[in-house]
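User: Could you walk me through this structure and explain the words people use for it?

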Amino acid sequence: MIDRFNRKIEYLRVSLTDRCNLRCQYCMPESGVAKMKHEDILTLEEILRVIELLAELGISKVRLTGGEPLLRRGIVNLIRDIKSIAGIKQVMLTTNGVLLDKMADDLINAGLDGVNLSLDTLDKNIFKKITRRDSFENVFNGLQKVISGGLEVKVNCVPILGVNEGDILKIAALAKDNFIKVRFIELMPIGCAVDFAGVKTTKIKSQIEAVYGNLISVEKYNSLQGPAQYFSLPNFKGQIGFIDALEHKFCNSCNRIRLTAAGFLKLCLNSNDGLDVKKLLRSSISNENLIEELQKTIYYKPREHHFNENFDAEKMYQIGG
Ligand code: SAM
Ligand code: SF4
């Protein structure tokens, strides 16, 4: 569907849980997050009902995220069910990869189209420092498995001053030998991240160019590609991408909405505007009326984010990145 600023809204991100098996310092407190009551999170059936209705409104790509989405019981069947909804072209997953090694085969068989794997370092010790968990090997094995399984793979790295700056070149090199995209994402000033400083994209680009040669811009081929600007490099099989939402707002072409684990339809990462879908789902509302509510809400998606003025957003593990 088209919103009031003429943007085509076709991409839904669904957070399946706030819980996580890592404790990345810039995302989650060491103690973790208070467990939500079972009845407070959307059931898989409720999630499916919302996606079916949103697909009627033109949503064609769904990304499952969290917290850590692979912790949600039933995710494999959920993927299979979402894939069978008319109009849904792609089902993707954003994961920290800890459980990927174990689950990759089932996920692939269920029809998963692609994985965004968050990996900020290739150094086991720095991994442990950032995530407060000793799971580097699991994640790395999971990465190998989804690459060899033929999924569309993107590695997402958030470079942080004084933490993993020294890893940028090694992470970038994952796209040298593999047909994958490696994306560097600017740290957003949300929650625990306010205690850290991200590395500027210009600095990352010059580090990469000094060693691997000139970054060559790659034409974006459709709006489902997302906000990253992609580049190729001499002798690289894959591509390097950059997402710097603060320096380069991509709000004019934003095509996404988010459904939180608690069942709130969020219209922008940095805004509380949206709809309490859970409340409606648990009333006796008909599909016809629910679609109408969804449509009215999405039409009023905010024009742009205001991260530069307003740092008081929700936590990233609630929104799902
Ligand atoms: N647990 C999964 C994972 O790590 O991929 C999914 C949820 S996690 C919140 C999604 C992405 O958000 C991760 O790539 C993570 O690095 C990123 N992220 C978390 N906090 C962030 C922040 N303050 N700024 C930018 N990215 C952030
Ligand atoms: Fe968990 Fe992902 Fe947040 Fe790390 S970034 S703590 S893996 S939700």
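Analyst: Here are some questions and answers about the chain, its ligands and a few residues.

Analyst: This is a predicted model, in which local features need pLDDT of at least 70, side-chain atom pairs count only at pLDDT 80 or more, and totals for chains, interfaces and linings use all residues. Residues are numbered from 1 along each chain as its sequence is written, chains are lettered from A and ligands numbered from 1 in the order in which they are written, and side-chain values use heavy atoms, leaving out hydrogens and water.

User: How do you know that the chain agrees with a compact globule?

Analyst: The rule for a globule is 2.2 Å times the number of residues to the power 0.38, and the radius of gyration is taken over C-alpha atoms. For 321 residues a compact globule would have a radius near 20 Å, and the chain has 19 Å, so the two agree. The C-alpha atoms fill a box of roughly 60 × 40 × 35 Å along the principal axes.

User: What counts as a helix or a strand, and how many does the chain have?

Analyst: Both are DSSP runs numbered from the N terminus: a helix is H or I with at least four residues, and a strand is E with at least two. By that count the chain has 11 helices and 12 strands.

User: Why is Leu 294 called buried?

Analyst: Buried means under 20% relative accessible area, exposed means over 50%, and partly exposed is in between (1.4 Å probe, protein chains only). Leu 294 has 0%, so Leu 294 is buried. Leu 294 sits in helix α10, residues 287–299. Of the 321 residues of the chain, 54% count as buried.

User: What does Leu 294 touch?

Analyst: A contact means heavy atoms within 4.5 Å. Not counting residues up to four places away in sequence, Leu 294 touches Leu 53, Leu 54, Leu 57, Leu 265, Leu 275 and Val 277. Leu 265 is 29 residues away along the chain, with 8.5 Å between the two C-alpha atoms.

User: Cys 268 has a relative accessible area of 12%, so why is Cys 268 still called buried?

Analyst: Its value of 12% falls under the 20% cut-off, so Cys 268 is buried. Cys 268 lies in the loop between β11 (264–266) and β12 (274–276).

User: What makes Asn 6 exposed and Arg 132 partly exposed?

Analyst: Asn 6 has 63% relative accessibility, which is over 50%, so Asn 6 counts as exposed. Arg 132 has 25%, which is between the two cut-offs, so Arg 132 counts as partly exposed. Asn 6 has a positive phi of about 65 degrees although it is not a glycine, and phi of Arg 132 is near 60 degrees.

User: How do you know that Tyr 26 makes a polar contact with ligand 1?

Analyst: A polar contact is a pair of N or O atoms within 3.5 Å; within protein, one must be able to donate a hydrogen and the other to accept it, and residues adjacent in sequence count only if both atoms are side-chain atoms. A polar side-chain atom of Tyr 26 lies 2.8 Å from an oxygen atom of ligand 1, so the pair qualifies. A nitrogen atom of ligand 1 is also 2.9 Å from a polar backbone atom of Gly 67.

User: Which residues are near ligand 2?

Analyst: Near means that a heavy atom of the residue lies within 4 Å. Those around ligand 2 are Cys 20, Leu 22, Cys 24, Cys 27, Met 28, Gly 67 and Asn 96.
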